[in-house]
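This report describes a structure chain by chain, beginning with overall dimensions and ending with local backbone geometry. Please read it with the sequence and the coordinates open.

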Amino acid sequence: MRILSLAGRRLAASIPTLFLILIGVFLLLQLAPGDTVDALMAQMGGGDAATARELRKFYGLDLSVPAQLANYLWRLVRLDLGFSSIYGKPVATVILERLPPTILLMTASLSFAFFFGLIFGVIAARGVNRWPDTLISTLGLIFYATPSFWFGLMAIVVFSVYLQWLPPGGFEDIGTVQTGIWRIADIASHLVLPTLTLGLIFLAIYLRIMRASMLEVSNLDFVRTARAKGLDETHVVTRHVLRNALLPMVTLIGLQAGTMLGGSVVVESVFSLPGLGRLAYESVVQRDLNTLLGIVFVSALLVITVNFIVDLLYARLDPRIAAEG
Amino acid sequence: MDLPRLEINRRTALLTSAAIAANVINPMRAFAQETPRKGGVFNVHYGAEQRQLNPSIQASTGVYIIGGKIQENLVDLDADGKPVGVLAESWEATPDGKTVTFRLRKGITWHDGKPFTSDDVAFTAMNMWKKILNYGSTLQLFLTAVDTPDPQTAIFRYERPMPLNLLLRALPDLGYVSAKHLYEGGDIRQNPTNLAPIGTGPFKFVKYERGQYIIADRNPDYWRTNAPYLDRIVWKVITDRAAAAAQMEAGELHYSPFSGLTISDMARLSKDKRFVVSTKGNEGNARTNTIEFNFRRKELSDIRVRRAIAHAINVPFFIDNFLGDFAKLGTGPIPSTSSDFYPGPNTPQYPYDKAKAIALLDEAGFKASGGNRFSLKLLPAPWGEDISLWSTFIQQSLSEVGIQVDIVRNDGGGFLKQVYDDHAFDLATGWHQYRNDPAVSTTVWYRSGQPKGAPWTNQWGWEDKAVDGTIDNALTELDPAKRKALYAEFVKEVNTELPVWMPIEQIFVTVIAARARNHSNTPRWGSTSWHDLWLSA
């Protein structure tokens with residue numbers, strides 16, 4: 001399959017990029033004043049100079065910057081992400097622990113945004129310039145313009161404090177130990193508000209794109225042909241317009257998988273979710289270089305994987321791409 | 001889930017209103033007639049995760065709030081702030097002050113069943129307090145050995161006299177004991193026990209899920225009879241302050257310690273009868289807001305300029321309008337909560353006087369050209385929103401007397417590095433945290449000869465032989481009355497020279513569910529073991 005080799009080539013091209021990113025982040029962090037021992041001192045509320053010297057040795061900070069970088073890259077080649085100074089365990093373990101909440105949240109809110117964006121986009125396009133269109137577009141604009149931390153806090157105030165329908169934060173209920181289906185239900189109930197908060201902002205983008213793309217495709221010749229051969233409107237929309245209008249949406253998913261990881265720092269903090277975003281933030285504040293580089297590495301891998309899948313999806317949606325290469 | 005609005009019947013309504021009335025006077029004795037109830041889970045807001053939980057190797061409230069329930073100290077403070085024995089039953093010092101003997105309580109066991117003995121105390125003191133513990137390494141600098149003639153006796157031997165009242169006031173924070181059999185041989189910092197602590201305290205560590213929660217359950221074999229009351233404590237990691245306030249309101253949290261919520265949320269919840277919002281129980285954690293001067297700037301090495309800056313800032317106005325009831329006017333490095341050392345307000349003070357500030361600056365020869373005399377770089381610490389507000393207030397106040405201030409913000413590590421190591425600041429502002437004795441926390445801000453890079457120490461490029469002398473004399477003075485007089489002298493001297501100005505005094509604010517009983521009943525309550533804390537129905 002041509003498309004597979006195409007996607008494969010793109011995959012191979014991303015490996016040098018990945019290394020450049022890691023080196024860049026490493027050097028950028030050297031520019032930040034203070035190291036992980038300063039951050040630890042800040043947390044402890046003081047300590048003497050001898051302690052600081054000993055801690056620097058303990059964390060391997062007594063080496064020169066190039067030596068530290070060389071050490072890091074050599075470890076990375078052997079697929080060793082190193083040791084986290086704030087967590088006192090291997091970075092790979094720390095990240096693996098934090099990955100499930102982030103991926104759950106990301107998948108849930110992306111699916112939510114994609115699905116409802118698609119539906120509302122189609123409705124808006126079919127009723128263009130009439131009241132459904134105006135209503136949907138206005139709401140979309142409001143969602144898009146609202147900062148997510150405010151959205152999150154208001155959701156907590158309304159649904160957790162006043163109505164008491166949903167838990168205000170956390171990943172699962174700590175009070176009772178649950179198993180099986182009940183645990184899944186419990187985690188799901190904890191994820192409803194964060195998913196909505198993160199998803200609503202992206203929903204706005206998806207529905208705008210879907211609306212524009214529907215309108216564009218429905219004016220094309222093949223749609224007129226479809227109508228001319230007597231197909232009913234629903235058939236025209238689902239079989240001909242929708243499939244072609246989906247391409248920009250799929251592109252957007254690939255682009256936004258990366259944004260979602262960054263965007264979830266705020267949502268994870270507001271809802272106290274133990275995700276990658278918060279871990280990254282903490283690693284920066286604590287100057288935990290290994291953990292931060294590990295997260296960059298894993299995030300980059302995620303983005304590359306998602307884009308790989310998107311490449312394959314293109315071919316599925318539009319056979320011309322696979323044929324022409 | 002708690003539904004407070006469904007609980008109200010006549011009795012609780014009466015009790016609640018009585019409680020509100022009593023709370024104004026004394027939140028603790030309001031329910032003295034109630035019988036303590038066993039059971040219940042106490043949920044605590046944990047704002048900033050630490051790297052480890054053992055208070056024997058890290059002195060900070062973020063560790064005490066958890067480790068202080070699991071491990072215990074030799075001595076703690078009672079309701080009046082006087083030392084009271086915990087693991088130690090009694091103590092005495094020889095007249096020369098070089099030997100302090102602690103008699104330990106009998107029949108105490110670690111959570112893993114091994115007996116607690118003086119060997120544990122000796123091991124912890126020599127290997128943790130003296131070598132690793134921040135502040136401890138300074139306090140125990142002259143500790144040479146701890147002898148253990150029998151399992152219930154630990155004799156601390158010092159090279160230089162150690163004032164007993166300094167040691168007893170420092171040990172509540174710097175005297176947590178760890179088990180020798182778990183730490184012996186091997187790197188103490190890397191010991192896995194630091195993240196799954198084992199102690200002698202009323203609560204046993206159960207589980208730590210990083211980024212989410214920590215759980216400790218009641219210790220059925222605890223040495224105090226009938227304690228603890230709670231079945232379980234859960235610390236929930238919530239980094240967003242506004243979200244933590246919402247969780248308090250949703251009933252998911254019972255307690256947010258150490259000013260963990262935003263100023264506006266604390267003010268709002270103080271009007272809600274489901275909560276008690278108070279500075280009570282945090283007197284041992286007083287702090288002052290600072291302005292730190294860098295003497296490497298020639299303008300700031302002129303005492304008239306430092307005094308002019310102090311006179312130019314209207315501190316009472318700032319407190320009234322930004323900090324409200326949670327702060328008061330400070331009078332120097334020793335806060336008024338320190339009953340043993342507070343010298344009173346009659347030391348040199350710098351009340352707001354703009355005309356005087358301008359006169360002093362003119363006299364110092366810094367004339368305004370185009371409204372601007374000179375510019376200064378101000379580095380605010382990122383610890384709390386009060387510092388951020390205070391730095392903006394400094395900026396605006398000083399612009400009125402012709403000093404332009406540029407604010408440079410950093411995160412924690414960056415701030416410490418730039419101020420205390422690189423000295424890349426003109427003015428810095430943060431907190432000076434007072435730890436019950438000036439020798440523990442305060443004199444390092446003024447004593448010369450501090451190694452470069454040691455945070456919260458004299459890095460101002462300022463040295464004063466007289467002040468150094470007073471500090472050194474007070475450190476080894478054994479007579480409590482004379483020590484107090486020496487520290488009064490010290491405050492007078494540093495308020496005159498003004499290398500650091502400490503014009504605001506604050507105590508951390510506790511927000512706690514009104515259902516909690518026996519809370520805030522000692523000056524460092526948030527850090528203590530909570531053996532007597534209980535939740536009413």
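Among contacts in chain B between residues at least 6 apart in sequence, what percentage join residues at least 24 apart? The value is 70%. The model is predicted, and what follows is computed from it.

**Chain B as a whole**

Chain B is made up of 18 helices and 22 strands. Its C-alpha atoms occupy a box of roughly 75 × 60 × 40 Å along the principal axes. The radius of gyration of chain B is 24 Å, which agrees with the value near 24 Å expected for a compact globule of 537 residues. Of these 537 residues, 53% count as buried.

**Nonpolar cores**

The largest nonpolar core holds 103 residues. The residues with the most contacts inside this core are L74(B), A88(B), L174(B), A308(B), Y487(B) and F490(B). One of them, L174(B), touches A59(B), W129(B), L133(B), Y135(B), G136(B) and L139(B), when neighbours within four places in sequence are left aside. A second, separate core has 90 residues and includes L203(A) together with Y46(B), I233(B) and A245(B).

**Contact between the chains**

Chain B gives 48 residues to the contact and chain A gives 45. On the side of chain B that touches chain A, the elements that give two or more residues are helix 5 (136-139), strand 9 (213-218), strand 10 (232-237), helix 8 (241-249) and helix 15 (412-421). Helix 15 of chain B supplies the largest share, six residues. By class, this side of chain B consists of 21 nonpolar, 18 polar and nine charged residues.

**Helices 11 and 12 of chain A**

Helix 11 (residues 276-285) and helix 12 (residues 289-317) of chain A pack at an angle of about 145°, and their axes lie 8 Å apart. The crossing of these two helices of chain A is left-handed. Helix 11 of chain A contributes L276(A), L279(A), A280(A), S283(A) and V284(A) to the contact, and helix 12 of chain A contributes T291(A), L292(A) and I295(A). Six of the contact residues are nonpolar, two are polar and none is charged.

Why is helix 11 of chain A described as largely enclosed by the rest of the structure? The reason is that seven of its 10 residues are buried. The buried residues of helix 11 of chain A are L276(A), G277(A), R278(A), L279(A), A280(A), E282(A) and S283(A).

**Backbone geometry in two loops**

Most residues other than glycine have a negative phi, and most peptide bonds are trans. The table gives two residues other than glycine with a positive phi.

| Residue | Phi | Loop |
|---|---|---|
| R287(A) | near 55° | between helix 11 and helix 12 of chain A |
| N226(B) | near 60° | between strand 9 and strand 10 of chain B |

Are R287(A) and N226(B) buried or exposed? R287(A) has 27 other C-beta atoms within 10 Å and is therefore buried, given that 20 or more are required. N226(B) has 10 C-beta neighbours inside 10 Å, so N226(B) counts as exposed, the limit for that class being 12 or fewer.

The loop between strand 9 and strand 10 of chain B also holds P228(B). The peptide bond from A227(B) to P228(B) is cis, with omega near -5°.

Terms used
Residues numbered from 1 in each chain as written. Chains lettered and ligands numbered in written order. Predicted model: local features only at pLDDT ≥ 70, side-chain atom pairs only at ≥ 80, totals over all residues. Axes fitted to C-alpha atoms, helices over the stretch in contact; angles between N-to-C directions. Helix = DSSP H or I, 4+ residues; strand = E, 2+ residues; numbered from the N terminus. Left-handed = near helix turned anticlockwise from the far one by under 90°. Contact = placed C-beta atoms within 7 Å. Nonpolar A, V, L, I, M, F, W, Y, C, P; charged D, E, K, R; others polar. Rg over C-alpha atoms; globule rule 2.2 N^0.38 Å. Core = buried A, V, L, I, M, F, W, Y, C linked by C-beta atoms within 7 Å.
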